[in-house]
Amino acid sequence: MDEEKKDILDFFFDGDIIIAGAQGYTNISKILETGNYMFAINDSDSDLNVFFMHVLLKPSTRLANTINMVLRVPYGKRDIQEELRELIQAQEIFGSDKCTWSVIEDIYNQTKIQVGILAYRITE
């Protein structure tokens, strides 16, 4: 599980405001310490369904114990029904027993909707 590790620090920020699905938000610092994770961010121009299917095919995602999906939306944007529908469908594919999701309002003036998937293995 070593794909795209640097991007996670550009996606999660201190002061994130969770506006939905708070149960799915995880403390990433503990995960970063283990180094046993995969993180992917969608290309803003691509279809979310295509992105989810691409991530689903990665071995590191299939072998993960836990998958956290985060939808990062620009400050004040509330018209996200289609993106939420895609998140819920992806959760059903991944399996709701190991997959959670959150919606974060971006307070750092990003102008595009992004989805991040953090998949990691819990090791004892």
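Contact here means heavy atoms within 4.5 Å. With that settled, I opened the entries on this predicted model.

**Entry 1: the chain as a whole**

I looked up how the contacts are distributed along the sequence. Of the contacts in the chain with a separation of 6 or more, 83% are between residues 24 or more positions apart. I then listed the secondary structure and found 5 helices and 5 strands. In sequence order the pattern reads α-β-α-β-α-α-β-α-β-β. For burial, I noted that 44% of the 124 residues in the chain are buried.

**Entry 2: helices α3 and α5**

I next asked at what angle α3 and α5 pack. Helix α3 covers residues 48-57 and helix α5 covers residues 81-94; the angle is about 20 degrees, and the axes are 10 Å apart. Angles under 35 degrees count as roughly parallel, and α3 and α5 are therefore roughly parallel to each other. I recorded the crossing of α3 and α5 as right-handed.

Which residues form this contact? On the α3 side I found L48, N49, F52, M53 and L56. They meet E83, E86, L87, A90, I93 and F94 in α5. I sorted the residues of the contact of α3 with α5 by character: 8 are nonpolar, 1 is polar and 2 are charged.

**Entry 3: the aromatic pair**

I searched for paired aromatic rings and found 1 pair in the structure. The pair consists of F51 and F52, with ring centres 5.7 Å apart and ring planes at 50 degrees, so I entered the pair as tilted. The class follows because planes under 30 degrees apart count as stacked, over 60 as edge-to-face and the rest as tilted.

Are the two partners, F51 and F52, buried or exposed? F51 has a relative accessible area of 8% and is buried. F52 has a relative accessibility of 3% and also counts as buried. The cut-off I applied for buried is under 20% relative accessible area. I noted further that F52 is among the α3 residues that meet α5.

**Entry 4: L118 in strand β5**

I then turned to L118 and located this residue in strand β5, which spans residues 114-120. Its relative accessible area is 1%, so I recorded L118 as buried. How far apart are the C-alpha atoms of L118 and C99? The separation is 9.8 Å, for two residues 19 residues apart along the chain.

Terms used:
Residues are numbered from 1 along each chain as its sequence is written. This is a predicted model: local features need pLDDT of at least 70, side-chain atom pairs count only at pLDDT 80 or more; totals for chains, interfaces and linings use all residues. Side-chain values use heavy atoms; hydrogens and water are left out. Axes are lines fitted to C-alpha atoms, for helices over the stretch in contact, and angles run from 0 to 180 degrees between N-to-C directions. Helices (H or I, at least four residues) and strands (E, at least two) are DSSP runs, numbered from the N terminus. Angles under 35 degrees count as roughly parallel, over 145 as roughly antiparallel, 65 to 115 as roughly perpendicular and the rest as oblique. A crossing is left-handed if the near helix is turned anticlockwise from the far one by less than a right angle, and right-handed if clockwise. Ala, Val, Leu, Ile, Met, Phe, Trp, Tyr, Cys and Pro count as nonpolar, Asp, Glu, Lys and Arg as charged, and the others, Gly among them, as polar. Rings of Phe, Tyr and Trp (its six-membered ring) pair if their centres lie within 6.5 Å; planes under 30 degrees apart count as stacked, over 60 as edge-to-face and the rest as tilted. Buried means under 20% relative accessible area, exposed over 50%, partly exposed in between (1.4 Å probe, protein chains only).
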